[in-house]
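Got the viewer open? Turn on the cartoon, keep the selection box handy, and let's walk through this one stop at a time.

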Amino acid sequence: MTEPTTDNFQQLLLRGRDLLRPLVPKRWRGLPLVPVVRLSGVIGFSTPLKPGLTLAGLARALDRAFGMGKPKAVALVINSPGGSAVQSHLIYRRIRQLAEEKSVPVIAFVEDVAASGGYMIACAADEIVCDPSSIVGSIGVVGATFGFPDAMRKLGVERRVYTAGDKKAMLDPFLPENPDDVARLKAIQREIHETFIGLVKASRGARLTGPENTLFSGEYWGAKTGLGYGLVDRLGDLRSVLRERFGDEVLTPLVSAERGLFGRRVPGVGAAGLAQWPNFGPNLTSGLAEDVVSAIEARAMWARYGL
């Protein structure tokens, strides 16, 4: 008599579980979890309405993503034309540190572009997935400015610079270009470029198949060519790839950066954060001019890739 009673009780429990299952929040059902972090924008500096990507602005979001339950992976959605080499490297290192500490794989999904510093961040992933129309690469270093010595002379403006250190005014745009200063700048760029190349080689390893003088020339390519060169691992999109790998019920919560007053993203703490706000003080004209220049520079970076 005991066995039939036990069997009936177990069946009753199973039926009750099935009936209650739809009422239980998905995050409590033991479904596979893949937090998603969006990395979109120019790296390291900001426009008036769109804060740039910095480690200070992303650190907490990355910590939350890697610390959210027991994730099967963390997904990075990248859309960036690059920017600051330092901030790119800092973000790359933080992602790798968290991935190793938590033993969680990282998958990068490229949208329009992951170029220059954007591609450096993508290299923090164990796997890079691109849309067939994505742009990747641009493994190089660029610096640009303007020169105004002729305009200064025509306007009758005299440039007065006082320094302690004979190289302190190097590459002043209001003075004639000095070949020695240009040589020093190029030496610094080569050093940064070598670091970038080493990072890509360490990250991609034997997957890189393209010739080095092509891969590291600063050129960029469409996703299909990048796939042939070993810069990316496959073509696809976030939803399809994650469902294929972890099942149709995979949870993909978006882990957003912190928001401040009026819903604007908080880039960090301190002066860098205050710099995101319009300047309503006595230097209003100067602040607006800097915002306009930043917006033009950001637009120019996207325009390099036809975006």
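Is Trp-221 buried or exposed? Select Trp-221 and show its surface: with a relative accessible area of 8%, Trp-221 counts as buried, because the cut-off for that is under 20%. Keep in mind throughout that this is a predicted model.

**Stop 1: the ring pair**

Leave Trp-221 on screen and add Tyr-229. The two form an edge-to-face aromatic pair, 5.3 Å centre to centre with 80 degrees between the planes. A search of the whole structure turns up 1 aromatic pair, and you're looking at it. Tyr-229 is partly exposed, at a relative accessible area of 22%, whereas Trp-221 is buried.

**Stop 2: zoom out**

Back to the full cartoon. You should see a chain with 11 helices and 7 strands. Of its 307 residues, 37% count as buried. Among contacts with a separation of 6 or more, 70% are between residues 24 or more positions apart.

**Stop 3: β1 and β2**

Select residues 36-40, which is strand β1. Here 4 of the 5 residues are buried, so β1 is largely enclosed by the rest of the structure. Now add residues 74-80 for strand β2: β1 and β2 run parallel and are joined by 5 bridges. To check the register, find Val-37 opposite Leu-76, then Ser-40 opposite Asn-79.

Stay on β2 and turn on its side chains. How many of the residues of β2 are buried? The count is 7 of 7. Val-74, Leu-76, Ile-78 and Ser-80 point one way, while Ala-75, Val-77 and Asn-79 point the other way, and all are buried.

**Stop 4: across to β3**

Add residues 106-115, strand β3. β2 and β3 run parallel too, with 6 bridges joining them. For a landmark, look for Ala-75 opposite Ile-107. Now trace the chain between the two strands: it passes from β2 through helix α3 (residues 85-102) to β3, in a right-handed β-α-β crossover.

**Stop 5: helix α3**

Select α3 alone. Put a distance between its end C-alpha atoms and you should get 26 Å, which agrees with the 26 Å that 18 residues should span at 1.5 Å a residue.

Next, colour the buried residues of α3: Gln-87, Ser-88, Ile-91, Tyr-92, Ile-95, Arg-96, Leu-98 and Ala-99. Look down the axis and these residues cover an arc of only 165 degrees, which puts them on the same side of α3. What covers them? The list includes α2 (55-66), β2, β3, α4 (117-122) and α6 (179-204). Spin to the face turned away from the buried side, and there you'll find the exposed residues Val-86, Glu-100 and Glu-101.

**Stop 6: Pro-35**

Go to the loop between α1 (2-20) and β1 and pick Pro-35. Its relative accessibility is 0%, so Pro-35 counts as buried. Beyond its neighbours within four places in sequence, Pro-35 is in contact with Ala-65, Met-68, Pro-71, Ala-73, Val-74, Ala-75, Pro-253 and Val-255. Pro-35 and Ala-65 are 30 residues apart in sequence and 5.5 Å apart C-alpha to C-alpha.

**Stop 7: Leu-238 and Gly-247**

Jump along the chain to helix α9 (residues 238-246), where you'll find Leu-238. Which residues is Leu-238 in contact with, leaving aside neighbours within four places in sequence? They are Val-36, Ala-75, Val-77 and Phe-109. Between Leu-238 and Ala-75 there are 8.1 Å in space, C-alpha to C-alpha, and 163 residues in sequence.

Then select Gly-247, in the loop between α9 and α10 (271-274). Gly-247 counts as partly exposed, at 25% relative accessibility. Show Leu-31 as well: Gly-247 and Leu-31 are 216 residues apart in sequence, with 9.1 Å from C-alpha to C-alpha.

**Stop 8: Ser-138**

Finish in the loop between β5 (135-137) and α5 (149-155), where Ser-138 sits. Ser-138 is buried, at a relative accessible area of 5%. Not counting residues up to four places away in sequence, Ser-138 touches Ala-115, Ser-116, Phe-196, Gly-218, Glu-219, Tyr-220, Arg-304 and Tyr-305.

Conventions. Residues are numbered from 1 along each chain as its sequence is written. Side-chain values use heavy atoms; hydrogens and water are left out. Rings of Phe, Tyr and Trp (its six-membered ring) pair if their centres lie within 6.5 Å; planes under 30 degrees apart count as stacked, over 60 as edge-to-face and the rest as tilted. Buried means under 20% relative accessible area, exposed over 50%, partly exposed in between (1.4 Å probe, protein chains only). Two strands pair if DSSP finds at least two bridges between them. Contact means heavy atoms within 4.5 Å. A crossover is right-handed if, with the strands pointing away from the viewer, the path from the first strand over the helix to the second runs clockwise. The expected span of a helix is 1.5 Å times one less than its number of residues. The arc is that of the directions from the helix axis to the C-beta atoms.
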